[in-house]
Amino acid sequence: MKLSKFYFKIYLKNIIFIFILLSVGFFSFYNRETLIISILEFTVGSTYALFCTTAGLMILGAYISGKDYEIIDVLETNKYKAYLSNIITGIKIITLLLLIPGIMILLYSNILNINYYQIKEMLHFIIIWYVSNIFTLVLGATIGFFVKSLLRYIICIFLFLPLTLGLKPVNLLKYRLLNIFEDKITAPVNYGSPVIFNLFYALDKLFIVSIILFMLVVTYLKAKKKPYKNYIFVIFILVLVEFLIIQGSAKSRTVIFNSMDYVENAEKEINTSYSISNYNMNINLNNKFSNRCSIELVKEADKLEFYLSEIFKIEEILVNGKQVKYSRDKDLVSIEDLDIQDEDLILDIYYSGRVYIENGLGTNICYVSSRDISLMDNVFYWYPVIASKNESCNFNIVVNSKTKIYSNLPILNMKKKEGKFYVSTLKGYSKGVNIFSGNLVETKHGDINVIYPRGLDEERIVSFVEEELNSDIFSKLDISKLRQIIITPYDNIPIRVYGDTVMMPSRFI
C-alpha cells in the first residue's frame, strides 16, 4: 500500500503526466461537438488523446520500473511485486484520466434520452481506453524491468511504432489486430450500428490481452530466475494462442473491397436462366443467421446454378422434395444432372452462418447480431439468387428477430412473440430484398416514411427529400407511388429503387 502511494506521487509529479493531462483535456474539449452525432465519433476523435496517453504511460512505466529507488528495497523486497505495484498504480492513473472524456460525454451527449446503442458506444470507449493504455503501460514497465539503461526508452519507441499500423487505410487483418486504438479512425462510421459486440470484436481485443498476459508471465520468470526452458514454453503458448486468434478472426469476418459491383459482376457468369414465380423464406436473425428458403421456378435446363455466399453452411438442398447433390465454387452453387421430369420445380435450401462483412476501409456494412441487422442484396448473396428471365418476382418472408426490422418489402404484420422475439411477415413483388435493424429512427414527410440512422440531422433529411426527389436522379420514378425512403447506414452504395421504396446512402444527406 505504501509502495503504491509512493509510485502514485512519482506519476503525478512527472512532467510527462502533466503533458498527458493537458493533451487529454485539450482533445476531449476539442472533440466535444462530435458527441451530438455519436459517442463513436468522439472515440475516433479521441485517438489523438490516446496517442499521448499510451506513449506517455509507456515511457513513465519504463522510467519507474527501470529506476533503482533505495526506498523500494525498504517498502517491498520482492521485485515482481514492486513491478506489479507500478502497473496497478498506472491503472489508477488511467482511470483518473478517464474522468476527463467521461465528463465530456456526460455533458455533451444526450444522456437523458440514452438508448441501448449509446450504452454500447460508451462501453466500447472504456474498453479501448483501458486496453490500449494498459498494454503500453505493461510494455514500458516490462522493458524497464529487463533493461535498466537509457536504452529502454529507445526500445519503447521502436516497439510502439508497429502499433500504429492499424491506422493505415487498408483493412488487412494483421493491421487490425495490431492496432490498439479505435479501428474506425480511417473508416466512415456506420451510424446504423456504430459498435457490434461479436466474435470478431472479442478476438480483436483478446489478441492484445494475450500479449499483456505474456509480458506479465515473462517478467515473473525473470524475477524468479526460472530456467530458460520455461521461456520457450511460454513463447510457444503465446504463438499458439495468437495463431488460433488469427484463424478465428479470419473466419469470423468477410471483407468485400468492391461492394458496389460485387454482386452485379458475379451474376454475369451464370449462362442459364429460369422463370421464378415465388420466393418463400423463414428467416431467423439472432447472433446467427439461418434461412429455410423455398423457390418456385420453371425448369429450363438439366443444370441448375445459383449464387449463395460462401460464408453460409448449406445444410440441405431439395428439388421437388428429393435431396440432390451439389458442388460449390466460392459463391456459386451447382446442381448437376437434374434428373427430374417436371417443368415446375420447387427448390428448397436450408442454410445458416454468422454474418459480419466489412468493406476495404473497415466499415461494417452487412451483419447479423441480436440487435443489429444489415442484409443488402447488392453487397452479398444472403439469399439464393438464380439468373431469372423476369427481373422481379413475389417474395413471402417470415422473419424472427429480437428487434423491430425495416425492409424495402411491405411489412404486413409485426408482433412480439412471448415478449422476446418479433415475428414479421414481409410480402411483395420486387427485384430484391433488403432487411435492416439497429440504431434507426423514422420520420414522416407527407405520405412518405423516411428511415434513417440516428445521428443524422432530421432537418437536413427532410430538406433533402423536399428538394431532391424531383431531380434528375429520380426522373424515372413516380413520386406519387413512393412509400418509403431508407437511408442506408453504409455510404458506398449506389441509389437503388425497389418499386415504391428508394434506398440511398447517407453520403447524399
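Ten bridges join strand S2 (residues 275-285) to strand S3 (residues 289-298), and the two run antiparallel; here two strands are said to pair if DSSP finds at least two bridges between them, and strands (E, at least two residues) and helices (H or I, at least four residues) are DSSP runs, numbered from the N terminus. The structure is a predicted model, in which local features need pLDDT of at least 70 and side-chain atom pairs count only at pLDDT 80 or more, whereas totals for chains, interfaces and linings use all residues. Residues are numbered from 1 along each chain as its sequence is written, and side-chain values use heavy atoms, with hydrogens and water left out.

Within the pairing of S2 with S3, Asn280 stands opposite Ser294 of S3, and the connection from S2 to S3 is a hairpin of three residues. Strand S3 is also joined by ten bridges to strand S9 (residues 344-353), again in the antiparallel sense, and in this pairing Asn291 of S3 is set opposite Tyr351 in S9.

Taken as a whole, the protein contains 13 helices and 22 strands. Of its 509 residues, 53% are buried, a term that denotes a relative accessible area under 20%, while exposed denotes over 50% and partly exposed the range in between (1.4 Å probe, protein chains only). Among contacts in the protein with a separation of 6 or more, 72% are accounted for by residues 24 or more positions apart, where contact means heavy atoms within 4.5 Å.

Two open sheets can be described by their strand order. One is made of six strands in the order S1-S10-S11-S12-S17-S14, and its pairing is mixed; its edges are formed by strand S1 (254-255) and strand S14 (406-407), each of which pairs on one side only. At one of these edges, S1 pairs with strand S10 (residues 356-358) in the parallel sense over two bridges, and Thr254 is found opposite Ile357 in S10. The other open sheet has three strands in the order S4-S8-S7, with antiparallel pairing, and its edge strands, each pairing on one side only, are strand S4 (304-307) and strand S7 (327-329). The twist in this sheet averages 20° from one strand to the next. Strand S4 is joined to strand S8 (residues 332-335) by four bridges, and these two strands run antiparallel, with Tyr307 opposite Leu332 in S8.

Parallel pairing was found around strand S20 (residues 484-488), a mostly covered strand in which five of the five residues are buried. Both of its faces are covered, since Gln484, Ile486 and Thr488 on one side and Ile485 and Ile487 on the other are all buried. Strand S19 (residues 448-453) is joined to S20 by three parallel bridges, and the bridge partner of Val450 in S20 is Ile485. Strand S20 is further joined to strand S22 (residues 501-505) by five bridges, the two strands running parallel, and Ile487 stands opposite Met504 in S22.

Among the helices, H6 (residues 79-108) and H10 (residues 199-223) pack with their axes 9 Å apart and at an angle of about 150°. Because of this angle, H6 is classed as roughly antiparallel to H10. The residues making the contact are Tyr80, Tyr83, Leu84 and Ile87 of H6, together with Met215, Leu216, Thr219, Tyr220 and Ala223 of H10. By class, this contact of H6 with H10 comprises eight nonpolar residues, one polar residue and no charged residues. For these descriptions, axes are lines fitted to C-alpha atoms, for helices over the stretch in contact, and angles run from 0 to 180 degrees between N-to-C directions; angles under 35 degrees count as roughly parallel, over 145 as roughly antiparallel, 65 to 115 as roughly perpendicular and the rest as oblique. The residue classes take Ala, Val, Leu, Ile, Met, Phe, Trp, Tyr, Cys and Pro as nonpolar, Asp, Glu, Lys and Arg as charged, and the others, Gly among them, as polar.

Individual residues were also examined. Leu440 lies in strand S18 (residues 440-445) and counts as buried, at 10% relative accessibility. The C-alpha atoms of Leu440 and Gly192 are separated by 5.8 Å, although the two residues are 248 residues apart along the chain. Cys52 is buried with a relative accessible area of 14%, and Cys156 is likewise buried, at 0% relative accessibility. A search of the whole structure finds zero disulfides, a disulfide being a pair of cysteine sulfur atoms within 2.5 Å.
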